[in-house]
Amino acid sequence: MKAFKNVSVYVEGKGVVKTNVYFDEKIEQIGGYVAGAEEIALPENAVVLPGFIDEHIHGAGGSDAMDGNVKDLAIIADTVAKEGTTTFLATTMTQSKENILKAMRAVKEYREEAREEGARIAGVHLEGPFIAAAHKGAQPLEYVAAPDSKTFDEYNAACGNAIKIITLAPEVDGALDFIRHIVAQGAVVSVGHTGAKYAEVKAAMEAGATNVTHTYNAQSPLHHREIGVVGSALLLDDLYCELICDTIHVSVPAMQLLTKNKRADKLALITDAMRAKGLADGVSELGGQTVYVKGGEARLADGTLAGSVLRMNRAVQNMVEKVGVPFTQAVDYCTINPARTLKIENEAGSIAEGKRADFAVLNDKFDVLCTVRDGKIIYKA
């Protein structure tokens, strides 16, 4: 058994307290004393947090989920462990059916190998191809497809029924029946890359949609005569909202508007990172498109934002220092909230006895000191 002793810990239901945490693969005991436990020594300024959960990330470390092989998925898993992430969804993009199926099969193979190093891949976020062409963002136009339940089932089967979230445009013909089909398979429907109006968002919710993909980005904006997806995200309490908190995709006042209007348990920080995360500035690639990375921004040649190079620990820092959110609330945004979306809140997302021993250990500068997954150190600074 291992232990963090007399350290600051964000304990479920108690906030940040000085205590001991004893764990093997799961958290065995919080507080008290257990003889013989191997102590993991931490500095005085350390705080033990639940492991971060990134429900929307395409790549990192020079690799992308669309590369479609186990080796690249392992590189992503190892890279995100350095930012405190213990669980993530391998996120695809609008591409050819052949390439998406290749990516799906790689995720299935990776998960079956049960690799213990790096962050855990909890499944797939299928971003597209069932989106609106006018709001494709950095998704390749030629592969945008109409809703097709048979194709979705093919993708889901290829990854071992591991599609956890699918981003789609609800205003496209056939989308509502498609949403009902997806929800019946147990996946979460997220409204994104869409020009939907308020009534169409409401109809999607009635069909079973519960999420908004990277709120503000690649969706219809708020207007006083038609509030669009952004206004719907602000207004409708039951919608979970993803947010790229890099201050590039979304301005600080816009993030403050969202956190002011959105219930604290309905916001999830994502990185939406692409393969250039963790690498130096330069030329990269996304879905066959050239991406230029400079000063923390990843853009296509025409200036379109092409994902981010954001690290989750820095997203938390931005939330606290720039947006003005309380520390534990910012942590909830990338731990228990996405855990609820993925329906794994009983096993992950907070520090409580019986849950997975998944921890992100940060210092007072938000640097990651170490990351623990299933009781094993997967990164140490």
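Begin by selecting residues 2-11 and 15-23 of this predicted model. These are strands β1 and β2, which pair in the antiparallel sense over 8 bridges. To locate one rung of this pairing, display Ser 8 in stick form; its bridge partner in β2 is Lys 18. The hairpin formed by β1 and β2 has 3 residues between the strands, and within this hairpin Gly 13 adopts a positive phi near 85 degrees.

Continue along the chain to residues 27-30, which constitute strand β3. The pairing of β2 with β3 is again described as antiparallel, over 3 bridges. A hairpin of 3 residues provides the connection from β2 to β3. Select Phe 23 and look across to β3, where Ile 27 stands opposite.

**The eight-stranded sheet**

Next, colour the strands β6, β9, β10, β11, β12, β13, β14 and β15, which form an open sheet in that order. The pairing in this sheet of 8 strands is parallel. Its edge strands are β6 (52-57) and β15 (267-270), each of which pairs on one side only.

For a detailed view of the pairing, select residues 85-91 and 120-127, that is, β9 and β10. These two strands pair in the parallel sense over 5 bridges. Thr 91 has His 125 of β10 as its bridge partner.

Now centre the view on Ser 190, a residue of strand β12 (residues 188-191). Is Ser 190 buried or exposed? Its relative accessibility is 0%, and Ser 190 therefore counts as buried. Show the surroundings as well: beyond its neighbours within four places in sequence, Ser 190 is in contact with Ile 165, Ile 166, Thr 167 and Leu 168, and also with Asn 211, Val 212 and Thr 213.

**Helix α1 against the sheet**

Select residues 70-81, helix α1. This helix lies across β6, β9 and β10, and runs at about 140 degrees to β9. A distance between its end C-alpha atoms gives 17 Å; at 1.5 Å a residue, the 12 residues should span 16 Å, which agrees.

Why is α1 described as largely enclosed by the rest of the structure? The reason is that 9 of its 12 residues are buried. The buried positions are Val 70, Asp 72, Leu 73, Ala 74, Ile 76, Ala 77, Thr 79, Val 80 and Ala 81. Asp 72 and Thr 79 are thus included in that set alongside residues such as Leu 73 and Ile 76.

**Helices α7 and α8**

Move to residues 252-261, helix α7. This helix lies across β14 (240-244) and β15, running at about 160 degrees to β14. Add residues 312-323, helix α8, to the selection. The two helices pack with their axes 11 Å apart, at an angle of about 95 degrees. Angles of 65 to 115 degrees count as roughly perpendicular, so α7 is roughly perpendicular to α8.

Which residues meet at this contact? On the α7 side they are Val 252, Met 255, Gln 256 and Thr 259, and on the α8 side Met 319, Lys 322 and Val 323. By character, the contact residues comprise 4 nonpolar, 2 polar and 1 charged.

Keep α8 in view and display its buried residues: Met 312, Asn 313, Ala 315, Val 316, Gln 317, Asn 318, Met 319 and Val 323. Met 319 and Val 323 appear in this buried set and also in the contact with α7.

Zoom in on Gln 317, which belongs to α8. Gln 317 has a relative accessible area of 16% and is buried, since the limit for that class is under 20%. Not counting residues up to four places away in sequence, Gln 317 touches Lys 322, Lys 365 and Phe 366. After α8 comes Gly 324, with a positive phi near 90 degrees.

**The four-stranded sheet**

Finish with the open sheet of 4 strands in the order β16-β17-β18-β19, where the pairing is antiparallel. Here β16 (282-286) and β19 (305-308) stand at the edges; each has a single partner strand, so one side of each is left without a neighbour in the sheet. With direction ignored, neighbouring strands of this sheet are turned by 35 degrees against each other on average.

As a last selection, take residues 297-299, strand β18, together with β19. Their antiparallel pairing extends over 2 bridges. Within this pair, Arg 299 stands opposite Leu 305 of β19.

Methods. Residues are numbered from 1 along each chain as its sequence is written. This is a predicted model: local features need pLDDT of at least 70, side-chain atom pairs count only at pLDDT 80 or more; totals for chains, interfaces and linings use all residues. Side-chain values use heavy atoms; hydrogens and water are left out. Axes are lines fitted to C-alpha atoms, for helices over the stretch in contact, and angles run from 0 to 180 degrees between N-to-C directions. Angles under 35 degrees count as roughly parallel, over 145 as roughly antiparallel, 65 to 115 as roughly perpendicular and the rest as oblique. Contact means heavy atoms within 4.5 Å. Ala, Val, Leu, Ile, Met, Phe, Trp, Tyr, Cys and Pro count as nonpolar, Asp, Glu, Lys and Arg as charged, and the others, Gly among them, as polar. Two strands pair if DSSP finds at least two bridges between them. Buried means under 20% relative accessible area, exposed over 50%, partly exposed in between (1.4 Å probe, protein chains only). The expected span of a helix is 1.5 Å times one less than its number of residues.
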